Amino acid sequence: MDNSGPAWSQVDLIREAFHYQSRFEGSTMVFKIDYPVIEDPGFPYLMKDLALLARTGFRVVIVPGAKEWIDAVLREYGIVSRYSGSTRITTAAALPFVEMAAFHVATRVMTGLAAGSSGGSMGPTGSLNRVDAVIGNFVRAQGLGVENGLDMEHTGAVERILTGSIGRMLELGVVPILPCIGWSPAGKPYNVSSDEIALAASTALGAIKLFIVTLESGFRAPSAYKLPETIQTGENGRIIRLTPQEAEEVLEMNLWDSGGNKPLDELRLALRASRAGVERVHIIDAKEEGAVLRELFSNLGAGTMVYTDDYEAIRPLKNRDIPDILRLMEPLMQQDVLLRRDPEDIREKKDDYAVFEIDGSVHACAALHDWGEGQGEIAAVATDPAYADMGLGRRIVRCLMDRAKKQGLRRVFVLTTRTQDWFELLGFKECPLDSLPKRKQEHYDRERKSKAYALELG
Ligand SMILES: CC(C)(COP(=O)(O)OP(=O)(O)OC[C@H]1O[C@@H](n2cnc3c(N)ncnc32)[C@H](O)[C@@H]1OP(=O)(O)O)[C@@H](O)C(=O)NCCC(=O)NCCS
């Protein structure tokens with residue numbers, strides 16, 4: 001079976017997409033879209049992707065930010081805003097212009113979702129490119145009142161999200177759009193931050209994901225920020241994922257920035273949502289076409305994810321994983337990097353194996369075989385090439401070294417023909433073959449001429 005070519009990667013991609021489709025179908029996802037995204041040439045494509053998601057069974061809720069457009073409209077009409085900290089005070093005179101601007105932006109989103117042929121494509125997916133949407137009064141708000149002696153007038157906060165009304169829309173397959181206006185029970189309008197609406201809507205609707213869609217490259221190229229060493233980055237230094245603890249560390253390490261820095265503000269919002277129970281918050285750069293779909297349908301994603309659930313784990317091998325690990329090992333067995341094993345060999349030693357699972361699929365494996373005399377062999381180490389250099393190999397081997405210690409072994413060794421340098425990075429040192437357990441020496445394949453490397457477990 002040759003599974004190394006481009007066709008194979010395409011098949012892998014399709015598998016991954018189906019995996020996520022079946023996993024998330026019927027789930028609610030909230031998209032907070034920054035205003036500048038709406039002005040970007042990529043916006044019609046983003047809307048197409050969201051319409052496609054809504055049409056294929058995802059419950060999509062959109063919260064468009066309007067800050068920059070409100071600023072522009074107020075400037076145009078000569079209205080000077082006062083601020084309390086970074087919060088604009090919406091006066092009675094400014095309110096009609098704020099409402100006009102907020103609804104204008106919401107309408108742009110609505111138009112994007114209605115435009116079946118936007119972006120120039122009327123191809124076979126044309127009818128999937130549009131979806132019904134509604135701009136609604138789904139936010140119950142209350143006024144901020146007087147803060148530090150300043151009357152905040154028509155500036156409000158979310159009191160609650162009207163989940164019943166939104167739920168009914170979602171049941172009908174309609175996309176609710178929540179502009180940055182909320183109403184008191186008596187019907188008085190307030191200007192409310194769209195970040196706060198997105199946060200409240202995500203938690204109130206039990207959204208499994210909040211997407212923060214922005215034009216900032218931010219944590220895709222995080223060289224401007226101090227980062228803890230443990231954080232793993234992908235292509236171009238992009239931070240792929242963070243636990244809430246790691247996100248907190250990043251914010252603490254960059255305290256010099258006391259607000260107004262977009263990527264850090266977004267991370268703050270992501271952390272708050274994550275702490276409030278949203279399992280996954282994704283910060284996405286809308287400049288990359290298809291970034292939302294890539295983030296959703298592949299576990300390497302395209303943005304930065306703050307996650308709280310058991311997204312990744314090293315765990316013992318189960319029978320159902322055997323085809324997956326054989327798929328990882330097959331090209332390496334063909335190249336003679338790994339010894340050939342068949343399903344029966346693996347099943348026999350099933351308890352020796354560990355797998356690295358990310359989001360429900362296996363991306364690395366390794367085994368620890370106990371050969372007696374206090375020595376264990378680390379073998380069958382294989383990482384999915386799409387996940388190379390992300391620490392999976394190191395972490396699974398370290399996990400097996402911990403397992404070896406717990407089993408009372410004093411030494412682990414490895415027989416390798418080509419990967420000695422990598423094991424040296426982990427602290428292994430070349431050792432004579434006659435230092436291996438007698439039973440292993442009897443099984444040693446002299447034709448392969450593998451070298452032995454060992455690590456004493458302190
Ligand atoms: C070796 C292997 C397990 C590494 O997996 P991985 O998850 O990509 O590795 P990690 O992310 O933990 O480590 C990456 C580091 O090791 C280095 N590295 C990867 N493969 C290497 C190799 N064959 N030799 C030397 N260094 C290597 C990378 O350059 C990277 O270095 P950096 O941290 O300085 O950037 C993987 O490449 C693999 O499956 N190889 C084929 C199977 C094999 O050789 N198994 C071992 C025999 S039992």
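Colleague: How far is an oxygen atom of the ligand from a polar backbone atom of D389?
Modeller: This is a predicted model in which local features need pLDDT of at least 70 and side-chain atom pairs pLDDT 80 or more, while totals for chains, interfaces and linings use all residues. Residues are numbered from 1 along each chain as its sequence is written, and side-chain values use heavy atoms, without hydrogens and water. For the backbone of D389, the polar atom lies from an oxygen atom of the ligand at a distance of 2.8 Å.

Colleague: Which residue places a backbone N or O atom 2.9 Å from an oxygen atom of the ligand?
Modeller: The backbone of D389 already supplies one polar atom, 2.8 Å from a ligand oxygen. The pair at 2.9 Å likewise involves an oxygen atom of the ligand, and its backbone partner belongs to T383.

Colleague: At what distance from an oxygen atom of the ligand is an N or O atom in the side chain of W422?
Modeller: The values for D389 and T383 concern backbone atoms. For W422, the N or O atom belongs to the side chain, and its distance from a ligand oxygen is 3.3 Å.

Colleague: How many residues surround the ligand?
Modeller: A residue is counted here if one of its heavy atoms lies within 4 Å of the ligand. The closest are V381, D389, G391, G393 and T419. D389 thus appears in this group and also carries the polar backbone atom at 2.8 Å from a ligand oxygen. The residues around the ligand number 18.

Colleague: Which element gives the most to the shell around the ligand?
Modeller: Helices (H or I, at least four residues) and strands (E, at least two) are DSSP runs numbered from the N terminus. Three elements each supply at least two shell residues: β20 (375-383), α13 (392-406) and α14 (420-425). The most, four residues, come from α14.

Colleague: Is A380 buried or exposed?
Modeller: A380 lies in strand β20, which is one of the elements that supply at least two residues of the shell around the ligand. Although not a glycine, A380 has a positive phi of about 55°. Because the relative accessible area of A380 is 4% and the cut-offs are under 20% for buried, over 50% for exposed and partly exposed in between (1.4 Å probe, protein chains only), A380 is buried.

Colleague: What relative accessible area does E153 have?
Modeller: E153 is found in the loop between β8 (150-151) and β9 (156-161). Like A380, E153 is not a glycine and has a positive phi, here of about 50°. E153 is classed as partly exposed because its relative accessible area is 28%.

Colleague: Which residue has its C-alpha atom 8.9 Å from that of D402?
Modeller: D402 has its place in helix α13, an element that also supplies at least two residues of the ligand shell. D402 is partly exposed because its relative accessible area is 41%. The partner at 8.9 Å is 55 residues apart from D402 along the chain, namely L457.

Colleague: Which backbone nitrogen does the side chain of T416 reach at 2.8 Å?
Modeller: T416 belongs to strand β21 (residues 411-416) and is buried because its relative accessible area is 7%. A polar atom of its side chain lies 3.3 Å from the backbone nitrogen of R418. The side chain of T416 also reaches, at 2.8 Å, the backbone nitrogen of a residue that is among the closest to the ligand. That residue is T419.

Colleague: What is the length of the polar contact that joins the side chains of D71 and R88?
Modeller: D71 lies in helix α4 (residues 67-76) and counts as buried because its relative accessibility is 17%. A polar contact is a pair of N or O atoms within 3.5 Å; within protein, one must be able to donate a hydrogen and the other to accept it, and residues adjacent in sequence count only if both atoms are side-chain atoms. The contact between the side chains of D71 and R88 has a length of 2.4 Å.
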